[in-house]
Amino acid sequence: MVIIGEVRDGETAEIAVKAALTGHLVIATIHTNDSLSTIFRLVDMGIPEYLIFNSLNGVVAQRLVRKVCQECLGNSCSSCNSGYSGRVNINEVLVFDDTVHELFRKTDSLREIKEKIKETGFRDMMDDASEKEKENIINKEEIYRVLGEL
């Protein structure tokens, strides 16, 4: 197993891909807005698409958001003093299967790729955030602060 703290440049990305292609499990972080953007970021770093698709099994994207205080339900109390208490992650998991590979080969549009993979059951961060909002774990204001418009 190879663990890379952060892939910031082409050289590090190339090392990660080569390690993965030789059979090592590579776990790394890379700063992107979501799981789909990771492919485009690696391409921008100079990694050919065919190497990405042959070495990448999946991507997990996540953000931490403030949890609504369960004592006062977001109204501010002595337990939280702000309406929030603790944090929880919102995430998405993209598995790179043949369907995803084919979509990336056919288009450069993240929006189009996302629409197509959502048809196969992919849940993005907004879906996860909306579910947590329905369960009163987080609120719309926090979703907007972290992910933008709903």
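**Notebook: surface, pocket and salt bridges**

**Entry 1. Ile 3 and its patch**

I looked up Ile 3 and found that Ile 3 is exposed, with a relative accessible area of 64%. I note at the outset that the model is predicted. I placed Ile 3 in strand β1, which covers residues 2-4. Which residues make up the nonpolar surface patch? I listed Met 1, Ile 3, Leu 25 and Ile 27, and recorded about 450 Å² for the patch. The exposure of Ile 3 fits this membership, because 64% is above the cut-off of over 30% relative accessible area that patch residues must meet.

**Entry 2. The chain as a whole**

I then read the secondary structure and noted seven helices and four strands. In what order do the elements run from the N terminus on? I wrote the order down as β-α-β-α-α-β-β-α-α-α-α. For the extent of the chain I took the C-alpha trace, which spans about 55 × 30 × 20 Å along its principal axes. I also checked burial, and of the 150 residues of the chain, 35% count as buried.

**Entry 3. The largest pocket**

I turned to the largest pocket and recorded about 830 Å³ of space in it. I found 33 residues lining the largest pocket, and those closest to its centre are Val 26, Ala 28, Leu 56, Gly 58 and Val 59. Which elements each supply at least two residues of the lining? I identified the helices α1 (10-21), α2 (37-44) and α3 (49-55), together with the strands β2 (26-28), β3 (58-68) and β4 (84-95). Of the contributors, I noted that β3 gives the most to the lining, with six residues. I sorted the lining by class and obtained 20 nonpolar, 11 polar and two charged residues.

**Entry 4. Thr 38 and Ala 61**

I examined Thr 38, which lies in helix α2. Is Thr 38 buried or exposed? I recorded Thr 38 as buried, because its relative accessibility is 4% and the limit for burial is under 20%. I then took the distance from Thr 38 to Ala 61, two residues that stand 23 residues apart along the chain. Their C-alpha atoms are separated by 9.2 Å.

**Entry 5. Salt bridges around Asp 124**

I noted that the structure holds 12 salt bridges. I followed the side chain of Asp 124 and found it in a salt bridge with the side chain of Lys 114, at 3.4 Å from N to O. This pair links distant parts of the chain, as I found Asp 124 in the loop between α5 (110-118) and α6 (125-134) and Lys 114 in helix α5, 10 residues apart. Asp 124 also meets Lys 118 in a salt bridge, with 3.3 Å from N to O.

How accessible are the partners? I classed Asp 124 as buried, because its relative accessibility is 7%. I classed Lys 114 as partly exposed, with a relative accessible area of 23%. I gave Lys 118 the class partly exposed as well, because its relative accessibility is 32%. Which residues are linked in a network of salt bridges? I listed Lys 114, Lys 118, Asp 124 and Asp 127.

**Entry 6. Glu 133 and Lys 140**

I looked up a further salt bridge, between Glu 133 and Lys 140, where the closest N and O atoms are 3.5 Å apart. I recorded Glu 133 as partly exposed, at 21% relative accessibility. I recorded Lys 140 as partly exposed too, with a relative accessible area of 44%. The class of Glu 133 follows from its 21%, because buried means under 20% relative accessible area.

**Entry 7. Positive phi in the loop between β3 and β4**

I checked backbone angles and found phi of Leu 73 near 55°, a positive value in a residue other than glycine. I located Leu 73 in the loop between β3 and β4. I classed Leu 73 as exposed, because its relative accessible area is 56% and the limit for exposure is over 50%. I found Ser 76 in the loop between β3 and β4. What is phi of Ser 76 near? I read a value near 80°, which is positive in a residue other than glycine. I noted Ser 76 as partly exposed, at 38% relative accessibility.

Key. Residues are numbered from 1 along each chain as its sequence is written. This is a predicted model: local features need pLDDT of at least 70, side-chain atom pairs count only at pLDDT 80 or more; totals for chains, interfaces and linings use all residues. Side-chain values use heavy atoms; hydrogens and water are left out. Patches are made of residues with over 30% relative accessible area and no salt bridge: like charges are joined within 9 Å, nonpolar side chains (Val, Leu, Ile, Met, Phe, Trp, Tyr) within 5 Å. Accessible areas come from the Shrake-Rupley method with a 1.4 Å probe; for residues, only the protein chains shown count as cover. A salt bridge is a side-chain nitrogen of Lys or Arg within 4 Å of a carboxyl oxygen of Asp or Glu. Buried means under 20% relative accessible area, exposed over 50%, partly exposed in between (1.4 Å probe, protein chains only). On a 1 Å grid over the protein atoms alone, a cavity is a set of points where a 1.4 Å probe fits but cannot get out, and a pocket is an open set with protein on both sides within 12 Å along at least five of seven lines; lining residues have an atom within 4 Å of a point. Grid points are joined across faces, edges and corners, and a volume is the space filled by probe spheres set on the points. Ala, Val, Leu, Ile, Met, Phe, Trp, Tyr, Cys and Pro count as nonpolar, Asp, Glu, Lys and Arg as charged, and the others, Gly among them, as polar.
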